[in-house]
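Subject: Structure handover

Hello,

Here is the structure for your files. My notes on what was found follow below it.

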Amino acid sequence: SPLVKEFPGGFYATCPMQASTGEEIPSWWAALNAWCETSPYTMAHHQWLEEHSMKGWPFSLWLPIVKLK
């Protein structure tokens, strides 16, 4: 399950991505979107982020979110 983190510019749902190729990135974004649909958050309009590592995998995806009212 993704973690919710506050980062300058807003809140994000983030999870470390365990993958072996870049072709798997879209399915990880889809999983974050699916989580958001069932969470107390909705997608926000600030920047989506990918946190890459010089070591390769894993790296993190950061989905911009805002708490539902």
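Does A31 count as buried, partly exposed or exposed? The model is a predicted one, and in it A31 has 43% relative accessibility, so A31 counts as partly exposed. The residue sits in helix α1. Its C-alpha lies 18 Å from that of H52, and the two residues are 21 apart in sequence.

Aromatic pairs

There are 3 aromatic pairs in the structure. One of them joins W29 and W48: the centres are 4.8 Å apart and the planes are at 45°, a tilted arrangement. This pair links distant parts of the chain, with the two positions 19 residues apart in numbering. W29 belongs to helix α1 (residues 25-37), whereas W48 lies in the loop between β3 (41-43) and β4 (49-53). The two partners also have separate burial classes: W29 is buried, at a relative accessible area of 12%, and W48 is partly exposed, at 37%.

Another of the pairs is W35 with Y41, which is stacked, with 6.1 Å from centre to centre and 25° between the planes. Both of these residues are buried.

Nonpolar core

The largest nonpolar core consists of 13 residues. Those with the most contacts inside this core are A13, W29, L32, L61, L63 and I65. W29 therefore appears in this list as well as in the tilted pair, and its relative accessible area of 12% puts W29 in the buried class. Two or more core residues come from each of β2 (10-17), α1 and β5 (56-67). The biggest contribution is that of α1, which gives 5 residues.

Cysteines

How many disulfides does the structure hold? The count is 0. For C15, the closest cysteine sulfur is the one in C36, and at 12 Å it is too far for a bond. The same pairing holds from the other side, since the cysteine sulfur closest to that of C36 is in C15, again at 12 Å. A disulfide would need the two sulfur atoms within 2.5 Å. Both cysteines are buried: C15 has 12% relative accessibility and C36 has 5%.

That is what I have on this model for now.

Regards

Methods
Residues numbered from 1 in each chain as written. Predicted model: local features only at pLDDT ≥ 70, side-chain atom pairs only at ≥ 80, totals over all residues. Heavy atoms only, no water. Phe/Tyr/Trp six-rings, centres within 6.5 Å; stacked < 30°, edge-to-face > 60°. Helix = DSSP H or I, 4+ residues; strand = E, 2+ residues; numbered from the N terminus. Buried < 20%, exposed > 50% of the residue type's maximum accessible area, 1.4 Å probe, protein only. Core = buried A, V, L, I, M, F, W, Y, C linked by side-chain atoms within 4.5 Å.
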